[in-house]
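Reader: Please examine closely the internal cavities of this protein. I should like to know what lines them.

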Amino acid sequence: MVNLNPQTISDIEECLKCLLQPNNEIIKMATDKLNGILKKSENSLYLYHLLQNSPFNEIKQLSAVILRQKLVAQWIKFDIPSRKYIKETILQLVLSQPSQLVRRSISEVIIIIARIETAAGTWPDLFPFLIQLTSHQDPITRQIQIHILDSLIQNVTNILKLCPQLPEVLKTTVVDPELSVRALSVKAIGSAIYAVQAESKVKPFIELIPASLQVIKQCIENDMEDDVISAFEIFNDLAESPYATIKLQIPLIVTFSIDIIKHPDIDNSIKTVAIEFLETIIQYQPKILKDKNLLNPILQLLFNILTLENNSADENDYEFNIYQSAAIAIKECGKSYSSKLIYYPILPLLKEYSDSANPNFRNAAMTIIQQLSYGCVETMKDDLDNIIQFVIRGLKDTDKKVKQNACVCIGKLSQTLTPEIYKYTNTIFPLVFDNLADPDDQFILRCCFALENFLLDLEPKEIKPILPNIMDKLGLLIQRDSVQVKEFTISVISSIAVAMELQFEPYFEQVLKTCLSLSKTDDPALYLLKAHSIDCIGSLIKTVPKERFKVHLVELFNYIHDTVENTKSSEVIESSFIFYSNAFEHFGEEIGEILPRIYLQVFKSATSDDGVVSHRAENKNVSGIDNEGEDKVIDEDEDYESISVRTSFLDEKSAAISCISVMARSLPVSYFPHIETTIQIIEPLTQYFHEEIRDNALLALQSLVIPTNHHFPAQTQWVQGDINHQVSPQMRTLLDFSFQIYTHIFTMERKKEVVARACGCIAQTIADLGPGAIAPYLGEVGQSLLKIFNNGLYCQTCSSPDTNDEADVENEEENDEDEENDEDAFDEDEDTDYQLINSAAECIIEMATAIGKEFKVYLEASLPFLLKLTKKNTLTSIRAVVIGTIAECFKLVESDYSGYLPRLYPLALKGLKDTSSKVQRVSCYLMGVLLQRSISSTEEQYTQALQLISPLIAEEDQERVVLDNAIGCVCRMIATQPSFVPVASALPVILSKLPIQEDREEVEPLVDALFVLFNTKFDLVAPHTQVIVQSLAPYFNKSNDLSLKQIITDKINQLISSLLARFPDQMKQVLSSIPEFNHYVNK
């Protein structure tokens, strides 16, 4: 090593002594002086000299810590003799020190050097030295050995090439006499499994898992909680491993975890991490649990935890955490397994719990229903009559805790099971509303949560009669002292305003005044209330005519803009962005001059990562000492154990990206200057680690089509079927960029909801720009859609080894009889499965709409895949979507489909007999379109169809949407082959069920049928003219929300004009009694 200056040695030593003083001024002066001395890389060698020679352990340790900091950037700047000297001496130095702290600090220096030197192959003595420490008598030395090896495993590539003895070393150390050594070995084994990238080479480490489990058990017995938690973190990483040898060990770890959770004497903190591991396995390796019959024991265990006494509401309390972890694990079960495995087997248990005399069991039933609603959405919708009875019992329960949880349950179900849940409005609403006078604020919060979500999508006509009473109760609640009650009350008012729109106008001024008053606070403790108040102001935008709200706009924008500038609260900023979005969407270019300064705020949040925080396991550096070059040299320092993200930050970022979408779509002129900067951030956002950000980024990407097309329109308007229609060069550049991202999503995205969003964006692009826009990408998009329908896209296969083969489709019809015994085609989260299929179907329908007759070729290729999803074992909602998609495509692609009649006619018949109203509805639609589009359809087929449809129309309490489609089906049959339909008996029944209300698309076949009947069977239809015209009148009454497409309105006017021309006197008499048609009489 270079000759050292005694004065410099003395100066550095004196600085180090000062750093140990309890005087901040002395420490600061010493830090500044030391940083000056150590600017020269060679001066760091003095630290090594002091590490070797100082008589004081404190100086030695501090020298080692600072040397570690400096070596990151300075090691390669040392001359070769100095590096050689340190490597030759430091290994013995770590053994010779009497102080444990000094030895551990020296080991950190060794790690830094080793990470550089081993990569270059210039420290051949290191691994032989470490290996021979396995038999060292001193347990601290053996701990240091494993710690160094563990760090090198994580940070040095080809570790097995450099240290082929590593498996044998860990095999020995995992059974070391000293438990602390064994615990460190478990961590190193986990690191090795994660780091080694070849299955054949990872096998020896995997074989050490049983021994590792024994060590964890011993750690539990010795209260070594941190080591146990660390081990389970390793197991969580293994859950995502693709290696078969690791998967073989998962049942063993799961069984071990179950035993831990069952044990009455083990601490809840350890049980919680074990449950979290089970949750991870449920999420990433569900098939293993199912195949090894471990699912039911896990479920029973989780249910038992939910029935334990849980009086804590403190998220830092382990009693609360274990309860929450169990609930989340149940949620993942609902998302990862089919209803056959989860929902239906649990129903008897729910009844048992609901009937129990123990309120903990009744409370558990409410929690289970909440959690299952995330994954078993579609099944619960079909079985809502059954499931809602449990919740209603909970709302009536005498135990306050059960009642509260039932309110939360209503809130959750209102988020997932709409609109079906509104069937029970008259029962649910009074049970929640009547409790709003309860003095218990905690109970009120749950009631408000239920109301906020329940009222949000409720029909205004349901709310209007009770609105004064609701607002009176909420007015009293907002006066309570509890800040949380004020927050939740404001949220309920927001939901009502959104649901009622202009019918909320009488309350506008008072609510606006209250919200502004509550929002004008700088107290951090009131930021959530401020955020809720701003959110409510945004919900008021559509509650009054535009001109009335517009007088407040400038003042509100200025106030909210300044609020965003002066706050760091993500919740407040998120609510402000939601206000911006609502205002821009409603007023559009009328407020375009406001957009530029708002864009700057939104862009800043959209690109920010302030809420992502890296965590170090421990701080091994000295505060104030310069760490030049460290960030660049060490990208994956072992100190960085994890990252965490503030949920509120993600919500802010998501709201910002969503606002970008709204601005681009609603203000195409004003937004155009910002397209370039938006494009620059889109691709990174579509690859962001959180799926909600990726989802919103796709929406933002698609929205750029509108301003681009506004400024660079195509030379001609697109028409249906014109595949060769040319968009502008600027638009083509944007589309090339967009479809590159969509392709990446199809091939690499794991989350089905994000892929569903990509499908929706493609569908919207087709609707916006026509067939020519998508023509260059049609083949690739088409293949991806087919994979979705065959359950073969990456997002559908990445978490399961079972995939469907396209060859399966060939045997579709042969296997149809065995469908009841098949596993569900989609065996995971019902909601995301439905979203994905529904969005892919929407995409196909838009393609059919734009391409027209030429789409028939693609439809023929798609049909086998679609038919595969109409089997009885497929989710009801997915069957309904697929049948409806086939029908819609047949309707759009005008052609003779007689060739498909043998395959699709039985499908429609089967659907008409289905117990699900969703399937009945679309089967009526399919039957009508199929017979309409098939020239070769026979009278026998008409008769058979009518025999099944007639009961649907005649049923007294029939769902309106089923009835509308059944009427539409019969009308299509009459319009196509009136002679095949017994019009004399059918017509009075149909007329008695008019007007068509829910599915107003079916008014068109009704009018078509009436045209045919007046022209071909006048004697039969003439006596019903008054009733017919009267049934069409509601569509022209502006007080009814029964507006129609212009093409249907035109057909009705043509029908009436035709009748008026043929029978002027009779028709004028009929029309004069109907106010909506008086204008015909006055012509």
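Author: The following account treats the cavities in order of volume. The model is predicted, and local features need pLDDT of at least 70, side-chain atom pairs count only at pLDDT 80 or more, while totals for chains, interfaces and linings use all residues. Residues are numbered from 1 along each chain as its sequence is written, and side-chain values use heavy atoms, with hydrogens and water left out.

A cavity is a set of points, on a 1 Å grid over the protein atoms alone, where a 1.4 Å probe fits but cannot get out; lining residues have an atom within 4 Å of a point. Points are joined across faces, edges and corners, and a volume is the space filled by probe spheres set on them. Two cavities of 30 Å³ or more are counted by this rule.

The largest cavity has a volume of about 50 Å³. Helix 11 (179–195), helix 13 (209–221) and helix 14 (225–238) each give two or more residues to its lining; helices are DSSP runs (H or I, at least four residues) numbered from the N terminus. Among the lining residues are V186, I193, I209, S212 and F235. The lining of the largest cavity comprises eight nonpolar, two polar and no charged residues.

The second largest cavity, with a volume of about 40 Å³, has a lining of eight nonpolar, no polar and no charged residues. At least two of these lining residues come from each of helix 52 (960–976), helix 53 (983–992) and helix 54 (1003–1016). Helix 54 contributes the most, with four residues. The lining includes C971, I974, L987 and L1013.

Methods:
On a 1 Å grid over the protein atoms alone, a cavity is a set of points where a 1.4 Å probe fits but cannot get out, and a pocket is an open set with protein on both sides within 12 Å along at least five of seven lines; lining residues have an atom within 4 Å of a point. Ala, Val, Leu, Ile, Met, Phe, Trp, Tyr, Cys and Pro count as nonpolar, Asp, Glu, Lys and Arg as charged, and the others, Gly among them, as polar.
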